[in-house]
Amino acid sequence: MSHTIAVIEGDGIGQEVIPAAVDVLESLDLDLEFVEGDAGDAVKEATGEALPQETYDLAADADATLFGAAGETAADVILPLRDAVDSFVNIRPAKAYPGVDAVRPETDLVFLRENTEGVYSGHEDDLSEDLSTLTRVVTTSASEKLAEFACEYVDDGEGFSVVHKANVMRKTDGRFRDAVVRVADEHGVDTDEVLMDAFATRVCLDPEQFDTIVCPNLAGDVLSDLAAGLVGGLGLLPSANIGDDNALFEPVHGTAPDIAGQGVANPMATVLSAAMLLNHLGYSEESDRVETAVETVLAEGPRTADLGGDADTEAVTQAIINEL
Ligand code: NAI
Ligand code: MG
């Protein structure tokens, strides 16, 4: 079966790491058709819009989207793009690969972050010169949907941790916690509960006590970045935004203006995002092969400067393709 992949490079190193990941996907000889769309600062400068309607439609209509990063306009691009693919969960693995100088080399975590509500629902107001407010939205339905996904995601017998702050935000995080735990119980999936502040300490001291973490939107954003710090940096972290019929894959990092244009960005976060894309489309064997190729290159191949090497983006990409 043929699949259409929307490819949106965006700004900065997005224009370097996305072509690298597309090269890796093309080397697999699958029936994938790539369609390109523009988004980001440069498009806004030229047209007044950071995310043109055609690009939104491209993502909405494709089987999957591969996105790089946008600069100043990041929020105007990525939030509507997540909406275009109707994404209810953001999957963020944080795994320390062998051979990488990680703060906690034993880290192997996956965050399943609620991707539609919480404090990111967009309900902010200035009520007076002195006062701004934010409405935090939590629904049982979105919490249950995330929990259903989490139950399918974890392997048989392996449970997940529910990270929240329901001791203080009793109604909103209380609703989230109750819904997630109830769905897990119905599926016979074990859960343990950890308050999000305590989680931040415990994951730094001993990441091995956690595997899959299910959490509200902002907690997932912050705690997954914290975990990124444990595993050796942003150049290696992929992510997936999953919807019912669609999905978008992107590195966790941004446009890296300090190194953009030099051809030295680490393509691995985006290549690993492409591996998640393959898995999502049913190419699980190819997905495993791509991840293994990245692992092999990390262990014994060329490296970019962020990992202490002096290879450029192209050399690392070619090394990954050679391993395939
Ligand atoms: P950043 O992730 O772009 O860069 C942080 C640091 O990590 C920099 O020193 C950079 O060189 C390094 N780095 C990041 N990715 C790398 C890679 N693949 N290889 C080697 N080194 C890498 O975050 P920063 O500097 O906070 O943001 C820069 C711009 O990116 C901002 O305009 C921000 O709005 C945007 N951004 C966009 C995102 C998106 O579109 N999803 C996400 C995060 C930031
Ligand atoms: Mg973030």
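Is Asp 244 buried or exposed? I looked this up before anything else: at 53% relative accessibility, Asp 244 counts as exposed. My cut-offs are under 20% relative accessible area for buried, over 50% for exposed and partly exposed in between, with a 1.4 Å probe and protein chains only.

**Ground rules**

I am working with a predicted model, where local features need pLDDT of at least 70, side-chain atom pairs count only at pLDDT 80 or more, and totals for chains, interfaces and linings use all residues. Residues are numbered from 1 along each chain as its sequence is written, chains are lettered from A and ligands numbered from 1 in the order in which they are written, and side-chain values use heavy atoms, with hydrogens and water left out.

**Entry: the partner of Asp 244**

I found Asp 244 in a salt bridge with Lys 145, with 2.6 Å between the closest N and O atoms. For this term I need a side-chain nitrogen of Lys or Arg within 4 Å of a carboxyl oxygen of Asp or Glu. The two residues sit 99 apart in the chain, Lys 145 in helix H5 (residues 140-153) and Asp 244 in the loop between S11 and S12. Helices (H or I, at least four residues) and strands (E, at least two) are DSSP runs, numbered from the N terminus. Lys 145 has 32% relative accessibility, so I noted it as partly exposed.

**Entry: other salt bridges**

My count by this rule is 13 salt bridges. One of them joins the side chains of Glu 250 and Arg 82, at 3.1 Å from N to O. This pair connects distant parts of the chain, with Glu 250 in strand S12 and Arg 82 in helix H4, 168 residues apart. I checked both residues for exposure, and Glu 250 and Arg 82 are buried.

Arg 82 has another partner: its side chain makes a polar contact of 3.0 Å with that of Asn 241. I count a polar contact as a pair of N or O atoms within 3.5 Å; within protein, one must be able to donate a hydrogen and the other to accept it, and residues adjacent in sequence count only if both atoms are side-chain atoms. Asn 241 belongs to strand S11 (residues 238-243), and I have Asn 241 down as buried because its relative accessible area is 0%.

I then turned to Asp 221 and Arg 92, a salt bridge with its closest N and O atoms 3.8 Å apart. Asp 221 lies in helix H8 and Arg 92 in strand S4, 129 residues away along the chain. Asp 221 is partly exposed at 21% relative accessibility, whereas Arg 92 is buried at 8%. A network of salt bridges links these two with Arg 113 and Asp 225.

**Entry: ligand 1**

Which residues come nearest to ligand 1? I listed Gly 71, Gly 254, Ala 256, Asp 258 and Asn 266, out of 20 residues around ligand 1; a residue is near if one of its heavy atoms lies within 4 Å.

I also noted three polar pairs. A polar backbone atom of Ala 70 is 2.9 Å from an oxygen atom of ligand 1, and a backbone N or O atom of Thr 255 is 3.0 Å from an oxygen atom of ligand 1. A polar side-chain atom of His 253 lies 3.3 Å from a nitrogen atom of ligand 1.

**Entry: backbone angles**

Ala 256 shows a positive phi of about 45° without being a glycine. I placed Ala 256 in the loop between strand S12 (247-251) and helix H9 (268-280).
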